[in-house]
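Student: I'm new to this one, could you walk me through it while I look at it?
Tutor: Gladly, let me put it up first.

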Amino acid sequence: MQRRAFLKTTIGAAAGLVGAPRPASASEAEIELRPGDAGPVISPHLYGHFIEHLGGVIYDGIWVGPDSKVPNLGGIRQQFVDDMKRIGAPNLRWPGGCFADGYHWRDGVGPRSQRPRTYNFWQPTMPEGIDATETNHFGTHEFMRLCRLIGAEPYLAVNVGSGTPREFYDWVLYCNGPAGTVTQADQRAANGDPSPFGVKYWGVGNESWGCGGLLTAEEYAAEYSRFVAQFPRAYTKAYLIGVGPNASMESGHPEWTRRFFEALEPRLQWPPLDAWAMHFYTSFGRTASKGNQVSPQEWYDVLHEGARLESLIEQHWKIMGEFDKEHRVKLIIDEWGVWHARGSEIKPAYLFSQQGSLRDALHAAMSFDIFNRHSGKIAMTNLAQTINCLHSLFAADGDRFIRTPTYYVFDMYRPHMGAQQVPLEIRTQAIQLTRQGTSATLFGLAGSASLDERRLTLTLVNPALDAAITSRVRIKGAQASEAQGRVLTHSDRAAANTFASPEEVAPKSLSVSLSGGEIQVTIPAKSVVALQLNLS
Ligand code: AHR
């Protein structure tokens with residue numbers, strides 16, 4: 001099912017070969033870093049988050065209520081805040097997802113006891129045991145407080161499906177107008193927040209090709225224009241985000257991007273569009289993996305499927321460039337992650353609360369390396385969803401709380417945030433696979449690098465289940481005076497953190513040898529590695 005073949009893998013934004021190509025032997029790699037050619041800054045927002053009123057994400061996951069026995073900050077789960085701060089969470093997208101196109105923000109402001117109980121898009125699919133209604137106890141003010149506690153920028157997804165431009169503008173003025181200027185701002189002040197929230201990121205709809213209205217690309221282009229044409233810019237430095245493709249489709253959904261830009265082209269300078277947001281879920285219909293089922297075939301299926309993301313970024317970037325030659329409009333990966341088949345829920349009553357394991361951590365690391373390498377194109381990405389859901393960082397159930405292996409990837413990759421992307425070249429063997437009877441190739445070792453002053457960070461993913469990779473790292477034009485390593489791995493490919501064993505998968509230090517300017521490190525099988533190299 002899987003064998004190694006002698007192939008050279010070249011990785012990097014400026015991927016030209018330096019020196020003669022030479023294939024490495026069975027489990028060896030040569031890595032060259034070029035800090036002298038450091039490129040675009042890796043926006044911290046590439047490490048962003050997404051939370052939705054769905055299953056146990058908001059209620060219990062984040063909002064436990066002020067009277068809860070779970071330690072909380074005015075109703076917000078304290079542990080969630082502490083851990084999100086620890087990884088420097090840069091932003092939170094809310095309130096959906098599909099929920100956003102049925103959400104009327106006024107239902108979620110004012111005294112909590114007087115807020116209406118309303119319909120939630122997800123309720124018909126939620127398993128038994130979950131409240132039949134949306135209480136609206138977590139609304140705009142609670143969300144803004146959460147963002148402030150974490151130090152994250154708010155990103156609001158606007159209701160296009162069942163809302164109006166007027167409702168959108170009222171929300172903008174409510175959030176961003178200084179008290180004393182417009183009535184909406186005074187209402188915010190009366191509801192307890194005299195200072196404006198200063199929301200910059202506004203997503204105009206969500207999945208308008210699906211749950212957000214089942215629109216055609218042309219219809220969405222018309223709706224987008226109508227929604228932003230009179231956007232109240234007076235009090236806000238707005239960043240407007242359009243609904244991009246369903247890149248989970250086998251084709252990558254290129255026609256959505258092309259037809260939207262074609263329809264908008266005559267107006268591309270006005271109304272404004274700052275970013276185009278694609279959604280990409282691994283496994284959506286094409287692998288039947290469950291979170292807790294990890295046969296060798298399922299391991300490689302998920303990683304191979306997830307690695308498609310790189311070509312999808314390139315596909316849509318190219319189409320956008322046909323209409324927007326200077327690439328003023330950036331890409332956002334608004335929702336991404338592994339979506340396993342149902343059957344491994346940590347708490348069955350919480351929709352999509354799938355078990356996250358080591359495999360999901362490797363998938364996340366591989367995706368971050370892709371984002372870093374394409375940092376010049378991408379303005380933001382948001383993993384779906386932060387807690388008690390698809391590719392989560394945390395699971396919570398009352399006073400029980402765990403960090404998943406994916407959480408630790410955020411922790412290990414943190415030094416990339418805000419650093420400059422560094423081109424790298426990796427020479428090793430690719431892995432040959434069979435998927436659905438067809439042969440396929442998976443990278444043998446992939447990674448990304450960045451530079452912050454004299455600190456060089458190199459992150460690597462070894463997807464092989466059976467082979468460690470002895471690697472030599474050379475830094476072109478510079479020398480490392482100090483090297484430190486961390487590794488996330490486990491002897492069991494299905495290893496996960498559970499309420500019974502919360503630290504089963506956690507990073508450990510990794511030995512790195514440094515001699516004569518060359519770094520030697522062994523990358524264990526099925527692992528994520530982060531190296532910190534101080535340049536002399
Ligand atoms: O993350 C779960 C759902 O996936 C979101 O609500 C929707 O946007 C996507 O289809």
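Tutor: We will go through some helices, the nonpolar cores and a few single residues, bearing in mind that this is a predicted model.

Student: Ok, helix 7 first. How many of its 11 residues are buried?
Tutor: Nine of the 11 residues of helix 7, which covers residues 296-306, are buried, so this helix is largely enclosed by the rest of the structure.

Student: Which ones are they, the buried residues of helix 7?
Tutor: They are E298, W299, Y300, D301, V302, L303, H304, E305 and G306.

Student: And how do helix 7 and helix 9 cross, at what angle?
Tutor: Their axes come within 10 Å and cross at roughly 20 degrees. Because angles under 35 degrees count as roughly parallel, that makes helix 7 roughly parallel to helix 9. The crossing of helix 7 and helix 9 is right-handed.

Student: Which residues make that contact of helix 7 and helix 9?
Tutor: From helix 7 the contact uses E298, W299, V302, L303 and G306, and from helix 9 it uses L358, R359, L362, H363 and M366. Sorted by class, the contact of helix 7 with helix 9 has six nonpolar, two polar and two charged residues.

Student: Then what about helix 9 and helix 10, what's the angle there?
Tutor: Helix 9 (residues 358-373) packs against helix 10 (residues 405-413) at an angle of about 30 degrees, and their axes are 8 Å apart. That makes helix 9 roughly parallel to helix 10, and helix 9 passes helix 10 in a right-handed crossing.

Student: Who's touching whom between helix 9 and helix 10?
Tutor: On the helix 9 side you will find L358, D360, A361, A364, A365, F368, D369 and N372, while helix 10 brings P405, T406, V409, F410 and Y413. By class, the contact of helix 9 with helix 10 has nine nonpolar, two polar and two charged residues.

Student: Switching topic: which residues touch the most other members in the largest nonpolar core?
Tutor: Those are L146 and W202, in a core that counts 125 residues. Helix 9 gives the most to this core, with nine residues. There is also a second, separate core of 27 residues, and A29, L424, L445 and V473 are among its members. As background, nonpolar side chains in soluble globular proteins tend to be buried together.

Student: Now some odd spots. Which residues does a cis peptide bond join?
Tutor: One cis peptide bond joins W94 and P95, with omega about 5 degrees, and P95 lies in the loop between strand 6 (91-94) and helix 2 (140-150). Another cis peptide bond joins A384 and Q385, where omega is about -15 degrees. Q385 sits in the loop between strand 12 (378-384) and strand 13 (394-397).

Student: What is phi of H253, and is that residue buried or exposed?
Tutor: Phi of H253 is near 65 degrees, a positive value in a residue other than glycine. H253 is in the loop between strand 9 and helix 6 (254-264), and with a relative accessible area of 8% H253 is buried.

Student: And K526, where is its place?
Tutor: K526 is in the loop between strand 25 (518-523) and strand 26 (527-535). K526 also has a positive phi, about 40 degrees, although it is not a glycine, and at 10% relative accessibility K526 counts as buried.

Student: Last one, A234: exposed or buried?
Tutor: A234 counts as exposed, at 67% relative accessibility. A234 is found in the loop between helix 5 (217-228) and strand 9 (239-246). The C-alpha atoms of A234 and P405 are separated by 43 Å, with the two residues 171 residues apart along the chain.

Conventions
Residues are numbered from 1 along each chain as its sequence is written. This is a predicted model: local features need pLDDT of at least 70, side-chain atom pairs count only at pLDDT 80 or more; totals for chains, interfaces and linings use all residues. Side-chain values use heavy atoms; hydrogens and water are left out. Axes are lines fitted to C-alpha atoms, for helices over the stretch in contact, and angles run from 0 to 180 degrees between N-to-C directions. Helices (H or I, at least four residues) and strands (E, at least two) are DSSP runs, numbered from the N terminus. Angles under 35 degrees count as roughly parallel, over 145 as roughly antiparallel, 65 to 115 as roughly perpendicular and the rest as oblique. A crossing is left-handed if the near helix is turned anticlockwise from the far one by less than a right angle, and right-handed if clockwise. Contact means heavy atoms within 4.5 Å. Ala, Val, Leu, Ile, Met, Phe, Trp, Tyr, Cys and Pro count as nonpolar, Asp, Glu, Lys and Arg as charged, and the others, Gly among them, as polar. A nonpolar core is a set of buried Ala, Val, Leu, Ile, Met, Phe, Trp, Tyr and Cys residues joined through side-chain atoms within 4.5 Å. Buried means under 20% relative accessible area, exposed over 50%, partly exposed in between (1.4 Å probe, protein chains only).
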